[in-house]
Amino acid sequence: MPRNHLSLQLQGNLSLVASSGILHQSGSCCPAMEGEEKPAQEADVEPMVTSGASEAVPRVLSGDPQNISDVDAFNLLLEMKLKRRRERPNLPCTVTQLVAEDGSRVYVVGTAHFSDDSKRDVVKTIREVQPDVVVVELCQYRVSMLKMDERTLLREAKEVSLEKLQQAVKQNGLMSGLMQMLLLKVSAHITEQLGMAPGGEFREAFKEASKVPFCKFHLGDRPIPVTFKRAIAALSFWQKVKLAWGLCFLSDPISKDDVERCKQKDLLEQMMAEMIGEFPDLHRTIVSERDVYLTYMLRQAARRLELPRASDAEPRKCVPSVVVGVVGMGHVPGIEKNWSTDLNIQEIMTVPPPSITGRVSRAAVKAAFFGLLGYSLYWMGRRTVNLVLSLPAAQFCLQRVSEARPGR
């Protein structure tokens, strides 16, 4: 298999992880965050009544529109939404349908993070099924990419600066921060090769969700600091060196055809098998554990919806929900595998304490870093002093001082 296919698979699972270092901002476009029990982040996007395309649908109300009750307004919009929701939607081949125990349906769109076709797949799926919830493979540390324009993202993705390194080290620690910067280098390389920023399918999902009445927007990925720290803790010292070396010298040319081929399941399985063989612990923390987390969040989103009641005396009515999940294609097999199993995400949310070997290796890296820094400063200072002393003006001053000494 061409080496760039494997690098693309690594990048597909890690570039959006690494991008938290350039996209994390204090502001958030999804303000309604949930608690510890359900870590998914949620935003109630403002509903817009639109047709399957972009034409406005006129609201036909009986009687005085000013006197319509909230329940009647909700039922009217819900009816219009259900009319646009197709019972047998015409979905792209990248969509996998899952059914929850209560009858709720989940449509998982497998995407490539640098693909125009994936953007179109997401738009088509949301318009066809008119979901109640859209879940994307993002967390609160990367939510700002939903509001940033493509040009800004493209510029930020190409720039790897000292400021970003300091931010990454401060957020994730020295080892995790350095590894994040290496991954940013990979992301910048692919961004430059393809001329597009990652995560376009998530931005399209956010835009389309805002056009669906009563559609909620969930951030369904595990927090990035947890993923990075667990990944670094799982690797041995030599595995870290091997991975860092491979990322440092990754410069294979990548085309858009390579990206689209990554969406083929047979090729994907071959690439995943190669990745597992080379870095099994990295695959477990970066891919398999996030498969579990994403599955858990999709199941949390796929709950029956309670319809509003005109009065408390009216019986409660619940209907199955429709959910669209937008995730990387590499996560789809894991989500299918975990869909019907009991999941415990508490185990994958903890950061294990560093081992003795890990502490020793970190101390050695720090000592080598500061030792090299100290020697560099000493060497530069000594060379600067010798250079200054070799100047004619300095030689003249030294000679005058020597002559002015008493007893000479």
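**Figure 1. The salt bridge between arginine 222 and glutamate 289 in the predicted model.** Arginine 222 and glutamate 289 are both buried. Their side chains meet in a salt bridge, with an N to O distance of 2.8 Å. Arginine 222 is located in the loop between β5 (216-219) and α9 (224-234), and glutamate 289 belongs to helix α13 (residues 280-301), so the pair ties together parts that are 67 residues apart in sequence. Both residues take part in a network of salt bridges that links Arg222, Arg230, Asp281, Arg284 and Glu289. Across the whole structure, 15 salt bridges are found.

**Figure 2. Burial of helix α9.** Of the 11 residues in α9, 9 are buried, and the helix is thus mostly covered. Among the buried residues are Ile224, Val226, Phe228 and Ile232. Arg230 is likewise one of the buried residues of α9, and it belongs to the salt-bridge network that includes Arg222 and Glu289.

**Figure 3. A salt bridge within helix α4.** Lysine 124 forms a salt bridge with glutamate 128, and the closest N and O atoms are 4.0 Å apart. Both residues lie in helix α4 (residues 116-129), with a separation of 4 residues, about one turn of the helix. An α-helix has 3.6 residues a turn, so residues three or four places apart point the same way. Lysine 124 counts as partly exposed because its relative accessibility is 33%. Glutamate 128, at 8% relative accessibility, counts as buried.

**Figure 4. A salt bridge within helix α8.** The side chains of glutamate 204 and lysine 207 come together in a salt bridge at 3.9 Å, N to O. Helix α8 (residues 200-209) holds both partners, which are 3 residues apart, about one turn of the helix. Glutamate 204 counts as partly exposed, at 22% relative accessibility. Lysine 207 is also partly exposed, with a relative accessible area of 46%.

**Figure 5. Strand β3 and its pairing with β2 and β8.** Strand β3 (residues 105-111) is mostly covered, as 6 of its 7 residues are buried. β2 and β3 run antiparallel and are joined by 5 bridges. Threonine 96 has valine 108 of β3 as its bridge partner. The hairpin of β2 and β3 has 5 residues between the strands, and in this hairpin glycine 103 adopts a positive phi near 95°. With strand β8 (residues 322-328), β3 pairs in the parallel sense over 7 bridges. Valine 109 stands opposite valine 326 in β8.

**Figure 6. Surroundings of valine 99 in strand β2.** Valine 99 is placed in strand β2 (residues 95-99) and counts as partly exposed, at 49% relative accessibility. Beyond residues up to four places away in sequence, valine 99 touches Ser104, Arg105 and Trp339. Valine 99 and tryptophan 339 are separated by 240 residues in sequence, and their C-alpha atoms are 9.0 Å apart in space.

**Figure 7. Confidence along the predicted chain.** The average pLDDT of the chain is 74, and 62% of the residues score at least 70. Confidence is highest in strand β4 (residues 133-136), at 97, and lowest in helix α2 (residues 20-23), at a mean of 45. Over residues 20-40 the pLDDT stays under 50, and the model has 57 contacts beyond four places in sequence for this stretch. Residues 43-62 also have a pLDDT below 50, with 42 contacts in the model beyond near neighbours in sequence.

Definitions and conventions: Residues numbered from 1 in each chain as written. Predicted model: local features only at pLDDT ≥ 70, side-chain atom pairs only at ≥ 80, totals over all residues. Heavy atoms only, no water. Helix = DSSP H or I, 4+ residues; strand = E, 2+ residues; numbered from the N terminus. Buried < 20%, exposed > 50% of the residue type's maximum accessible area, 1.4 Å probe, protein only. Contact = heavy atoms within 4.5 Å. pLDDT = per-residue confidence, 0-100. Pairing = 2+ DSSP bridges.
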